[in-house]
Amino acid sequence: MKVTLIAHTPDPEKTVAAAAKLCYSPAAIDTVMEGLTPEKTESFLRMLGELGHESPLEHASFTFGLEGVSRAFLAQITRHRIASYSVQSQRYVKESHFDYVLPPQIEAVPEAKEEFLRAMENAQASYERIAAILTEQRKAENLARGMEEKAAARAAEKTAIEDARFVLPNACDTKMMVTMNARALHNFFRHRCCSRAQWEIRDCARQMLELVLEVAPTLFAHAGPPCVDGACPEGRMSCGRASEIRAEYRALREKRHG
(Lines give C-alpha, C1' and ligand atoms only; values in the text may rest on other atoms or scores of the structure.)
Protein backbone atom coordinates (compact mmCIF):
# COMPACT_ATOMS: atom_id res chain seq x y z
CA MET A 1 0.00 0.00 0.00
CA LYS A 2 1.15 3.52 -0.79
CA VAL A 3 -0.63 6.57 0.62
CA THR A 4 0.19 10.07 -0.66
CA LEU A 5 -1.13 13.44 0.48
CA ILE A 6 -1.78 15.00 -2.93
CA ALA A 7 -3.27 18.35 -1.89
CA HIS A 8 -4.83 20.17 1.03
CA THR A 9 -6.35 23.51 1.96
CA PRO A 10 -3.54 26.08 2.07
CA ASP A 11 -2.63 26.81 5.70
CA PRO A 12 -5.37 24.50 7.01
CA GLU A 13 -4.93 25.37 10.66
CA LYS A 14 -5.20 29.12 10.07
CA THR A 15 -8.29 28.55 7.91
CA VAL A 16 -10.01 26.60 10.69
CA ALA A 17 -8.91 29.18 13.27
CA ALA A 18 -10.38 31.97 11.12
CA ALA A 19 -13.73 30.15 11.01
CA ALA A 20 -13.62 29.79 14.80
CA LYS A 21 -12.68 33.44 15.22
CA LEU A 22 -15.66 34.50 13.13
CA CYS A 23 -17.97 32.47 15.38
CA TYR A 24 -16.73 34.01 18.63
CA SER A 25 -15.78 37.59 17.78
CA PRO A 26 -17.18 40.61 15.88
CA ALA A 27 -14.53 40.16 13.15
CA ALA A 28 -15.45 41.15 9.60
CA ILE A 29 -14.87 38.79 6.69
CA ASP A 30 -12.17 41.02 5.17
CA THR A 31 -10.25 41.14 8.46
CA VAL A 32 -10.93 37.69 9.90
CA MET A 33 -7.50 36.37 8.90
CA GLU A 34 -5.67 39.29 10.48
CA GLY A 35 -3.82 38.78 13.73
CA LEU A 36 -3.85 35.00 13.46
CA THR A 37 -0.30 34.41 14.54
CA PRO A 38 0.83 30.81 15.04
CA GLU A 39 0.15 31.24 18.76
CA LYS A 40 -3.35 32.68 18.23
CA THR A 41 -4.11 29.97 15.69
CA GLU A 42 -3.08 27.24 18.10
CA SER A 43 -5.14 28.87 20.86
CA PHE A 44 -8.29 28.85 18.71
CA LEU A 45 -7.75 25.22 17.73
CA ARG A 46 -7.28 24.15 21.34
CA MET A 47 -10.41 26.06 22.33
CA LEU A 48 -12.43 24.22 19.67
CA GLY A 49 -11.22 20.90 21.06
CA GLU A 50 -12.14 21.86 24.61
CA LEU A 51 -15.61 23.06 23.58
CA GLY A 52 -16.28 20.14 21.27
CA HIS A 53 -17.10 22.66 18.51
CA GLU A 54 -16.31 20.68 15.38
CA SER A 55 -18.00 22.48 12.48
CA PRO A 56 -15.08 24.91 11.81
CA LEU A 57 -12.93 21.85 11.05
CA GLU A 58 -14.98 21.28 7.91
CA HIS A 59 -13.31 24.27 6.23
CA ALA A 60 -10.02 22.39 5.79
CA SER A 61 -9.88 19.49 3.35
CA PHE A 62 -7.23 16.93 2.44
CA THR A 63 -6.88 14.83 -0.73
CA PHE A 64 -5.05 11.50 -0.67
CA GLY A 65 -3.89 9.12 -3.38
CA LEU A 66 -4.17 5.45 -2.44
CA GLU A 67 -2.42 2.68 -4.38
CA GLY A 68 -2.15 -1.05 -3.83
CA VAL A 69 -5.43 -1.35 -1.91
CA SER A 70 -7.92 -4.13 -2.43
CA ARG A 71 -11.51 -4.10 -3.59
CA ALA A 72 -12.38 -5.38 -0.11
CA PHE A 73 -10.79 -2.19 1.24
CA LEU A 74 -12.83 -0.14 -1.22
CA ALA A 75 -16.07 -1.55 0.20
CA GLN A 76 -15.00 -0.48 3.69
CA ILE A 77 -13.68 3.02 3.09
CA THR A 78 -16.70 4.13 1.06
CA ARG A 79 -18.86 3.55 4.14
CA HIS A 80 -17.43 6.89 5.26
CA ARG A 81 -19.95 8.94 3.34
CA ILE A 82 -18.74 12.49 4.10
CA ALA A 83 -15.94 12.19 1.57
CA SER A 84 -15.29 12.24 -2.17
CA TYR A 85 -13.95 9.19 -4.02
CA SER A 86 -12.56 8.61 -7.50
CA VAL A 87 -11.66 4.98 -8.23
CA GLN A 88 -9.92 3.37 -11.19
CA SER A 89 -12.74 1.68 -13.07
CA GLN A 90 -12.77 -2.01 -13.98
CA ARG A 91 -15.36 -1.14 -16.63
CA TYR A 92 -12.93 0.99 -18.61
CA VAL A 93 -9.52 -0.37 -17.56
CA LYS A 94 -8.78 -3.95 -18.64
CA GLU A 95 -7.38 -6.08 -15.80
CA SER A 96 -4.59 -7.77 -17.75
CA HIS A 97 -2.34 -9.51 -15.22
CA PHE A 98 -4.07 -7.80 -12.31
CA ASP A 99 -2.18 -7.13 -9.11
CA TYR A 100 -3.67 -8.22 -5.82
CA VAL A 101 -3.34 -7.72 -2.09
CA LEU A 102 -2.01 -10.74 -0.19
CA PRO A 103 -3.24 -10.71 3.45
CA PRO A 104 -0.33 -11.16 5.92
CA GLN A 105 -2.09 -14.01 7.71
CA ILE A 106 -2.34 -15.97 4.46
CA GLU A 107 1.22 -15.13 3.47
CA ALA A 108 2.48 -16.47 6.80
CA VAL A 109 1.09 -19.97 6.15
CA PRO A 110 2.74 -21.65 3.12
CA GLU A 111 -0.20 -23.95 2.41
CA ALA A 112 -2.71 -21.08 2.57
CA LYS A 113 -0.47 -18.86 0.44
CA GLU A 114 -0.14 -21.57 -2.22
CA GLU A 115 -3.92 -21.96 -2.37
CA PHE A 116 -4.39 -18.19 -2.52
CA LEU A 117 -1.93 -17.73 -5.38
CA ARG A 118 -3.57 -20.56 -7.28
CA ALA A 119 -6.95 -18.83 -6.85
CA MET A 120 -5.50 -15.58 -8.22
CA GLU A 121 -4.10 -17.38 -11.26
CA ASN A 122 -7.44 -19.12 -11.89
CA ALA A 123 -9.33 -15.83 -11.56
CA GLN A 124 -7.00 -14.17 -14.07
CA ALA A 125 -7.38 -17.05 -16.52
CA SER A 126 -11.16 -17.08 -16.18
CA TYR A 127 -11.34 -13.31 -16.62
CA GLU A 128 -9.32 -13.45 -19.84
CA ARG A 129 -11.29 -16.40 -21.25
CA ILE A 130 -14.64 -14.80 -20.51
CA ALA A 131 -13.49 -11.46 -21.92
CA ALA A 132 -12.23 -13.16 -25.11
CA ILE A 133 -15.44 -15.14 -25.61
CA LEU A 134 -17.66 -12.11 -25.08
CA THR A 135 -15.46 -9.90 -27.26
CA GLU A 136 -15.74 -12.29 -30.21
CA GLN A 137 -19.49 -12.63 -29.83
CA ARG A 138 -20.14 -8.91 -29.52
CA LYS A 139 -17.71 -8.01 -32.26
CA ALA A 140 -19.65 -10.26 -34.63
CA GLU A 141 -22.89 -8.60 -33.54
CA ASN A 142 -21.40 -5.14 -34.11
CA LEU A 143 -20.14 -6.09 -37.56
CA ALA A 144 -23.55 -7.46 -38.44
CA ARG A 145 -24.99 -4.05 -37.53
CA GLY A 146 -22.64 -2.41 -40.04
CA MET A 147 -19.89 -1.10 -37.75
CA GLU A 148 -16.35 -0.82 -39.08
CA GLU A 149 -13.83 -3.49 -37.99
CA LYS A 150 -11.82 -1.38 -35.52
CA ALA A 151 -14.85 0.32 -34.02
CA ALA A 152 -16.64 -3.03 -33.70
CA ALA A 153 -13.67 -4.58 -31.86
CA ARG A 154 -13.21 -1.59 -29.58
CA ALA A 155 -16.86 -1.47 -28.56
CA ALA A 156 -16.96 -5.25 -28.11
CA GLU A 157 -14.00 -5.30 -25.73
CA LYS A 158 -15.44 -2.47 -23.65
CA THR A 159 -18.69 -4.30 -22.96
CA ALA A 160 -16.88 -7.64 -22.59
CA ILE A 161 -14.57 -6.51 -19.76
CA GLU A 162 -17.53 -4.79 -18.13
CA ASP A 163 -19.09 -8.22 -17.56
CA ALA A 164 -15.91 -10.29 -17.24
CA ARG A 165 -14.89 -8.26 -14.18
CA PHE A 166 -17.56 -10.05 -12.14
CA VAL A 167 -15.18 -13.00 -11.79
CA LEU A 168 -12.41 -10.89 -10.24
CA PRO A 169 -11.71 -11.37 -6.51
CA ASN A 170 -11.91 -8.98 -3.56
CA ALA A 171 -8.10 -9.17 -3.46
CA CYS A 172 -7.80 -7.41 -6.84
CA ASP A 173 -5.99 -4.14 -6.24
CA THR A 174 -7.13 -0.69 -7.23
CA LYS A 175 -6.09 2.95 -7.11
CA MET A 176 -8.18 5.80 -5.82
CA MET A 177 -8.28 9.41 -4.70
CA VAL A 178 -10.03 10.33 -1.46
CA THR A 179 -10.90 13.79 -0.16
CA MET A 180 -12.12 14.38 3.39
CA ASN A 181 -12.44 17.48 5.51
CA ALA A 182 -10.70 17.60 8.89
CA ARG A 183 -13.87 16.78 10.83
CA ALA A 184 -14.55 13.72 8.70
CA LEU A 185 -10.92 12.67 9.08
CA HIS A 186 -11.17 12.80 12.86
CA ASN A 187 -14.16 10.47 12.65
CA PHE A 188 -12.32 8.21 10.19
CA PHE A 189 -9.26 7.98 12.46
CA ARG A 190 -11.44 7.30 15.49
CA HIS A 191 -12.94 4.22 13.84
CA ARG A 192 -10.15 2.98 11.59
CA CYS A 193 -7.04 3.52 13.74
CA CYS A 194 -8.61 1.27 16.36
CA SER A 195 -6.93 -2.13 16.70
CA ARG A 196 -10.32 -3.77 16.03
CA ALA A 197 -10.44 -2.28 12.51
CA GLN A 198 -9.50 -4.64 9.69
CA TRP A 199 -5.74 -4.62 9.12
CA GLU A 200 -5.73 -3.07 5.64
CA ILE A 201 -7.86 -0.03 6.39
CA ARG A 202 -6.10 0.38 9.75
CA ASP A 203 -2.75 0.57 7.94
CA CYS A 204 -4.19 3.14 5.54
CA ALA A 205 -5.65 5.26 8.35
CA ARG A 206 -2.34 5.25 10.20
CA GLN A 207 -0.46 6.43 7.08
CA MET A 208 -3.07 9.14 6.43
CA LEU A 209 -2.78 10.36 10.02
CA GLU A 210 1.01 10.56 9.79
CA LEU A 211 0.70 12.67 6.63
CA VAL A 212 -1.80 15.18 8.02
CA LEU A 213 0.20 15.52 11.24
CA GLU A 214 3.05 16.86 9.10
CA VAL A 215 0.97 19.75 7.73
CA ALA A 216 -1.51 20.34 10.58
CA PRO A 217 -0.06 18.97 13.84
CA THR A 218 -2.29 20.99 16.17
CA LEU A 219 -5.44 20.31 14.18
CA PHE A 220 -4.86 16.56 14.53
CA ALA A 221 -3.14 16.56 17.92
CA HIS A 222 -5.88 14.39 19.41
CA ALA A 223 -6.66 12.27 16.35
CA GLY A 224 -6.51 8.50 16.53
CA PRO A 225 -8.47 5.69 18.18
CA PRO A 226 -10.78 6.77 21.04
CA CYS A 227 -8.64 5.11 23.72
CA VAL A 228 -5.79 7.56 23.03
CA ASP A 229 -7.50 10.38 24.94
CA GLY A 230 -10.16 8.52 26.87
CA ALA A 231 -11.60 5.17 27.82
CA CYS A 232 -11.97 2.37 25.28
CA PRO A 233 -15.61 2.25 24.11
CA GLU A 234 -15.43 -1.35 22.84
CA GLY A 235 -16.50 -3.02 26.08
CA ARG A 236 -16.01 -6.79 25.99
CA MET A 237 -14.59 -6.44 22.47
CA SER A 238 -11.69 -4.29 23.68
CA CYS A 239 -8.20 -5.38 22.64
CA GLY A 240 -6.99 -4.74 26.20
CA ARG A 241 -3.94 -2.79 24.97
CA ALA A 242 -5.09 0.79 25.62
CA SER A 243 -1.94 1.83 27.51
CA GLU A 244 0.28 0.42 24.77
CA ILE A 245 -1.70 2.19 22.06
CA ARG A 246 -1.64 5.49 23.98
CA ALA A 247 2.14 5.30 24.19
CA GLU A 248 2.36 4.49 20.47
CA TYR A 249 0.27 7.49 19.41
CA ARG A 250 1.96 9.80 21.92
CA ALA A 251 5.28 8.91 20.32
CA LEU A 252 3.81 9.53 16.87
CA ARG A 253 2.60 13.02 17.84
CA GLU A 254 5.87 13.93 19.50
CA LYS A 255 7.76 12.78 16.41
CA ARG A 256 5.68 14.98 14.15
CA HIS A 257 5.90 17.98 16.47
CA GLY A 258 9.64 17.57 16.88
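In the predicted model, the largest cavity holds about 90 Å³ of space. Fifteen residues line this cavity, and those closest to its centre are C194, S195, C227, C232 and C239. Sorted by class, the cavity lining consists of nine nonpolar, three polar and three charged residues. The structure contains one cavity of 30 Å³ or more.

The largest pocket has a volume of about 760 Å³. Its lining is made up of 33 residues, of which E54, L57, H186, N187 and H222 lie closest to the pocket centre. Three elements each give two or more residues to this lining, namely α2 (38-51), β4 (173-181) and α7 (182-192). Helix α7 supplies the largest share, with seven residues. The composition of the pocket lining by class is 13 nonpolar, ten polar and ten charged residues.

Helix α5 covers residues 110-144 and thus comprises 35 residues. At 1.5 Å a residue, a helix of this length should span 51 Å, and the end C-alpha atoms of α5 are indeed 51 Å apart, so the expected and modelled spans agree. Buried positions in α5 include the nonpolar residues F116, M120, A123, Y127, A131 and L134. The buried set also contains Q124, S126, T135 and N142, together with R138 and K139. The packing partners of the buried α5 residues are α4 (104-107) and α6 (149-164). After α5 comes G146, which has a positive phi, near 95 degrees.

The interior of the model was examined next. The largest nonpolar core comprises 47 residues. Within this core, the residues with the most contacts are F62, F64, L66, F189, L209, L219 and F220. Helix α8 (residues 199-215) provides the largest share of the core, eight residues. For L66, when residues up to four places away in sequence are not counted, the residues touched are K2, V3, F73, I77, T174, K175, M176, V178 and C204. Apart from the largest core lies another core, of twelve residues, with A123, Y127, I161 and A171 among them. Two of these named members, A123 and Y127, are also listed among the buried residues of α5, and I161 falls within the residue range of α6, one of the elements against which the buried residues of α5 pack.

Note on methods
Residues are numbered from 1 along each chain as its sequence is written. This is a predicted model: local features need pLDDT of at least 70, side-chain atom pairs count only at pLDDT 80 or more; totals for chains, interfaces and linings use all residues. Side-chain values use heavy atoms; hydrogens and water are left out. On a 1 Å grid over the protein atoms alone, a cavity is a set of points where a 1.4 Å probe fits but cannot get out, and a pocket is an open set with protein on both sides within 12 Å along at least five of seven lines; lining residues have an atom within 4 Å of a point. Grid points are joined across faces, edges and corners, and a volume is the space filled by probe spheres set on the points. Helices (H or I, at least four residues) and strands (E, at least two) are DSSP runs, numbered from the N terminus. The expected span of a helix is 1.5 Å times one less than its number of residues. Buried means under 20% relative accessible area, exposed over 50%, partly exposed in between (1.4 Å probe, protein chains only). Contact means heavy atoms within 4.5 Å. A nonpolar core is a set of buried Ala, Val, Leu, Ile, Met, Phe, Trp, Tyr and Cys residues joined through side-chain atoms within 4.5 Å.
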